[in-house]
Amino acid sequence: MARRVSTRRRVIVTAIAWAVAFLIFFPILWTFLTSFKTEGEAVATPPHFLFFNWTLENYIEVNERSDYFLHFMNSVVISVGSTVLGLIIAIPAAWSMAFVPGKRTKDVLMWMLSTKMLPPVGVLIPIFLLFKNTGLMDTRTGLVIILTLIDLPIIVWMLYTYFKEIPGEILEAARMDGAGLREEVIHILTPMAIPGIASTLLLNVILAWNEAFWTLNLTAANAAPLTAFIASYSSPEGLFYAKLSAASMMAIAPILILGWFSQKQLVRGLTFGAVK
Amino acid sequence: MKFRALAGACVLGLTASGAMAETTITVATVNNGDMIRMQGLMDDFYAAHPDIKVNWVTMEENVLRQKVTTDVATKAGQYDVMTIGTYEVPIWGKQGWLVALDDLPDSYDVNDLLPAIRSGLTVDDHLYALPFYGESSFTMYRKDLMEKAGLTMPEDPTWADIEKAAAAMTDKEAGIYGICLRGKAGWGENMAFLSAMDNSMGGRWFDMDWNPQFNTPEWKNTLTTYLNLMNEYGPPGASSNGFNENLALFQQGKCGMWMDATVAASFVTNPKDSKVADQVGFAMAPHKDGVAKNGNWLWAWTLAIPAGTQKEDAAKTFIEWATSKEYTALVASKEGWANVPPGTRTSLYENPDYTSAAPFADLTLKSINAADPKSPSVQDVPYTGVQFVAIPEFQAIGTAVGQQFSAALAGQITADQALQNAQSLTEREMKKAGYIK
Amino acid sequence: MATKHSRAASRLMISPAVLLLLGWMIVPLSMTIYFSFLNYNLLMPGAHNFIGFDNYKYFLTDPAFTTALINTLVLVGGVLLITTVGGTLLALLLDQPIWGQGIVRVLVIAPFFVMPTVSALVWKNMFMNPVNGLFGWIATSLGLPPFDFLAHAPLFSVIMIVAWQWLPFSTLILLTALQSLDSEQMEAAEMDGAGAISRFVYITVPHLARATTVVILIQTIFLLSVFAEILVTTNGGPGTASTNLTYLVYAQSLLQFDVGGGSAGGIIAVILANIVAIFLMRMIGKNLDA
């Protein structure tokens, strides 16, 4: 990586990179700043960037109005639950596709991915009726099931591309050494597969956290996650930018922080076998 | 002493077990200020009814409508109380989806409800929902700008008066636009305004055979007047402005006039949020010279109980409390008279505390009384509803037509094209639904 | 290597996933097909009589249908173009030695973590609103009339918002691919006197081809059903200027509560999505095998 570059060039490139990064990040920063303004200040022209009366009143009001913790816990349970369940189902499938590929493996995989292209609105009413009749309406279980099904194709595919990178020779070598299937899995494959599984997990938690169609339509009071929490702050009567910003920050902060801390992990598995 | 303590413990135990048997009701509601305020005042309700617990689900209007409609139509039963509008109540009541509220206690004083509102919530002599707050629409204007322009606003202005005032007040350099109106597409957004405006031009949505009327001179007059006002004197971006956007504009002093819901009056006169709080004047919604209908609508957010809920009694107790005179008094004592939910009870408008705290009370009442859902136009109509047509198909049609008019406002199509498209798409939907044979 | 035994085992391992997805497809889909032949409006209870292909006829002859179809393609294509080109440039930039690379990367990937509803609300209100938004303020301070994005360039605005959300994703994947580029090969090319541009064209671009197809595949899957961004910002308008197929189906089934019509639209959308899928799979399949 260490290429020889002149300091001058490095300064210029650094400046450009920071400027671009700042621009891309700016909407989030602006939301963050607005969440500490009063409603009046949030729409002031010219806008105030840093020098305004920082206030926590929006956060306090949002907390009084909604049970943030309940929504937060629902989001956690639903996104983590659906991802873990998805992994349990997907790991064996991806495993066998990668190591014992048949003639149809690729077709099966592609078919799985194509199920993700179904527009969810088209099947909302049937699912709604099914949920109603099975008592899954407004339960975390129901949402975990739906989101598992929705994310399953992506999970299988990510794992498949990752597992495929694991060279088969290692397995054969181990087999020559007399390792049984059990040892093979525990001592050789698992350590190699862990980074891929970890990043699949992270990506899917993020996707499930942000899923806003099913989570909004199949919940009411009990299982509603943060996506529903946001729906109670968008466009009420009167000024709302500051409160909306505060609610938005509360909804995205957990996943933003998780994403930042785990970005190395995330990136490592995000290659989709794209790197060769 | 010991005995007493024991008895006390017993009583405590009893209340504790009573609390165990509490009923939890789920209330779906809209995220408007009055509803949010009620959520903060629930202690009063709990004190009187410790056996009932209320679970709030607060949503943005569109999400709310979509969710409660799906829920009630599929009988999913997720909610025990729903916040719905005057558009839904007659349709749902007719379908038998709502619990009829015939046995209200005397203390509720049902005859105190404003007749216009009450009749909108009644189907075949059964009341199906209790109004939480009601509104009509009227004209809000800036007294200071009118004065500067050397004009006075008549109490019952014509569209010609409005145009003159808009022209005089507009100062685009200074960021002041003579008139702000809804432009965002939606049956409850721009179409609420335009349908009511069309009534004031002498027009109607359908003739007695359910033929859409967009090819009539009345609608043409409505749309061209509207477009002309907005293009000449309106703010930029008007085609995505709804109630909120206009409210924000008006509060910041960027609008000379604004015709919208009467509930906006308490927002624009509230000095905490509004820069122009002490400069707002009120007048009736405008009408065309010679037409005896003003362009004012009638709307109420109401609380209704879906049929089939297991918790009907608790739900009734709650909605009676939420729409009672006592609740009004409670809000008044905690937050002041200007913040009570308006537009539902005659007694409120006879209360001097309220009328002195709310300078717009008189005109609000006048506007509500001037709206007649059973006869919205000077011509005969086969439907009820002022700014809507109370048939299930209307949401879709109204929104599709609203999109055409919004596109015309954005300058993407001409007024004639918009009217033509509106006419043909409405005809198509009405044929599909079997109204036009 | 694949013995009969291991084949059977592998089948056993795949089957839960396959069966679940089959169930997920078949159950709601067959219900949807059934509904699509009924005159079924949620707001009108009673018998839902069989009306044959009427729902399909109405959906396909809806003037909004063609617009929605074109909008869907423009939306997917536009976002793909922006994110792949932008992502490549950004990846090249981030691949350079710079100070504070970690922080820069954190800032760049942040939009990917933001809920679509939140980002749409933020862009719509705090940036694109011509009166209260920042863009409006920038325009006015430059002495220009504020541009009303959502009214005059609705589809473009939606594309920008969606592209903002997906740019980090493509950047990350392309960056990873770039970092695996053999630097010796690069240096050898440099020794041979190849200029920066020809090195980029002949070495970097082919190397990124595979990563790019992955970006296109994954994003297309998500972009075909873009919905929240449109609902929040433009409601598909003005007119039908920003209505895509998903939104049209939504309007039919949840604004009009016309379950029959919405189901017919859903089935048509599924068929079209599958055509795109087959087309994509062909392309990707080839590229992934190579």
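pLDDT is the predictor's confidence in each residue, from 0 to 100. I'm keeping that in mind, since this is a predicted model, where local features need pLDDT of at least 70, side-chain atom pairs count only at 80 or more, and totals for chains, interfaces and linings use all residues. Residues are numbered from 1 along each chain as its sequence is written, and chains are lettered from A and ligands numbered from 1 in the order in which they are written.

**Confidence, chain A.** I looked up the mean pLDDT of chain A and got 83, with 91% of its residues at 70 or more. Among its elements, helix H1 (residues 7-34) has the highest mean, 90, and helix H8 (residues 168-176) the lowest, 71. Helices here are DSSP runs of H or I, at least four residues, and strands runs of E, at least two, numbered from the N terminus.

**Chain C overall.** I found 13 helices and zero strands in chain C. Its C-alpha trace spans about 80 × 75 × 30 Å along the principal axes.

**Helix H10 of chain C.** I checked residues 196-223: 28 residues, but the end C-alpha atoms are only 34 Å apart, short of the 40 Å of a straight helix at 1.5 Å a residue (that span is 1.5 Å times one less than the number of residues). I then found a bend of about 40 degrees at Ala209(C), taken as the angle between axes fitted to the seven residues ending there and the seven starting there.

**Where C meets A.** I got 79 residues of chain C in contact with 77 of chain A, contact meaning C-beta atoms, placed from the backbone, within 7 Å. Helix H1 (residues 4-36) of chain C gives the most to its side, 17 residues.

Note on methods: Two residues are in contact if their C-beta atoms, placed from the backbone, lie within 7 Å.
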